[in-house]
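With the model open in a viewer, follow the stops below in turn, selecting each element as it is named.

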Amino acid sequence: MDGACTREASSAGSRPRCTGVTGYAGLEGWYVRLGRAASIESKPLIVAGYAGFKRQGHQGMRQDPRRRRFQAVLERGRAAFLATFLILAAHLLSGCGGNSPGGEKVRVAADIVPLAMICRQVGGEHVEVEVLVPPGSSPHTYELTAGQVGFLAEADLLVVNGLGLVPWAEDVHSRVGNPDLVVVEAAEAVPRDELLPASVEEREEGEQGEDREEGREHALYDPHLWLDPLLAGYIVDAVEEGLIRVDPGRAGYYRERAARLRAEMNSLHEEIRRRTASFTRREFISFHASWTYFARRYDLRQAGVIEELPGKEPSAGEIAALVDMAVSRGVGAVFAEVQFSPRVAEAIAEESGGKVRVWVLDPLGDLDDPRKGDYCSLLRYNLGIMEEALR
Ligand SMILES: [Zn+2]
């Protein structure tokens, strides 16, 4: 732990903050369960062995006496196998699986790609990261697959954004039957006074929604934290602490890489501040309210939003109002997003008679695309497009 205050005060009101654990505002809010699941490598072997045995047992159901003898042998085999399985399971659950210092990777699941990037960048060669909402999908609407539930059942750490971004993510640990899974909610690491309120529509939806729960911040705050590199520094803190919790033997490794990533984010912030300062236009229309934190940090303005609630298309009247607003204020750019259809954005551009142009941003990125495959590349990718759009 460097224990240093790495966050410099910025013109937009960010406060210096310490990375020491004692100063860690969100720690009590984590869903943390100590202890670890059974050895990762032994579990799939047991499952595969059992499945293979069941297939043999089915063949033994025929009436042929030799088959019946074979079936009896199989039944004894099954009993012996079950006994072995139970002993092994008890052995593993008693904690003997523990954290192998010698080499297996920590299995990490992250709900969205930018968090997976941060997990990879902090965890380096010692983590295997699975992203739950794949590139090109919207976190607001994507549903988990059975295969992903399987990964979570064996995972060590689950990192979720929080604030209702992925509606199922904050409760998913209760569905996967893995009581040893450590869950980190990144938004918990961000001081409350850094958070922006969600749009009115999102708050109303949260208040009326079926999943309203006591104490839940769902829909109260805007969840798109990672698009502000200074707030992303808090996400790095959360990931660092989560990794150390599940793999304390490598604490030094994770701390060093986390500190390096925070330093990169700080210089990225300086670069974005410098480059956005030269924009000649500061207003844009956004597909949904994803760039609010970014806009606040760099003195830009989301003058309008096409979908106030992701997935809820605007009416013809709302589109017309956006076009009028854009033309009267001289807003020349509408930012579509790769995760959603550009149709409405294109309709706005068309209605404006060419005064508004469509640009496609990607707030989430893609681990396999080198242009936007790690955190800083992702922000630079979007910054480059904004630079063209708002110059
Ligand atoms: Zn969003």
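**A pair, its sheet and a helix**

Begin by selecting Ala109, and you will find that it stands opposite Leu158 in S3; bear in mind throughout that this is a predicted model. Extend the selection to strand S1 (residues 106-110) and strand S3 (residues 157-160), which run parallel and are joined by three bridges. Next, bring in the rest of the sheet, which is open and made of four strands in the order S2-S1-S3-S4, with parallel pairing. At its edges you will see strand S2 (127-131) and strand S4 (182-185), each of which pairs on one side only, while from one strand to the next the twist averages 20 degrees. Now add helix H6 (residues 229-246), which lies across S1, S3 and S4 and runs at about 170 degrees to S4.

**Helix H10 and its two faces**

Move on to helix H10 (residues 343-351) and colour Val344, Ala345, Ile348 and Ala349, which are buried. If you look down the axis of H10, these buried residues fall within an arc of 145 degrees, so they line one face of the helix. Which exposed residues does H10 carry on the face turned away from its buried side? Select Arg343 and Glu350 to see them there.

To see what covers the buried residues of H10, display strand S5 (283-286), helix H9 (316-329), strand S7 (333-337) and strand S8 (357-361), which are included in that cover. Finish at Gly353, which follows H10 and has a positive phi, near 65 degrees.

Key:
Residues numbered from 1 in each chain as written. Predicted model: local features only at pLDDT ≥ 70, side-chain atom pairs only at ≥ 80, totals over all residues. Pairing = 2+ DSSP bridges. Axes fitted to C-alpha atoms, helices over the stretch in contact; angles between N-to-C directions. Contact = placed C-beta atoms within 7 Å. Buried ≥ 20, exposed ≤ 12 C-beta atoms within 10 Å, placed from the backbone. Arc of directions from axis to C-beta.
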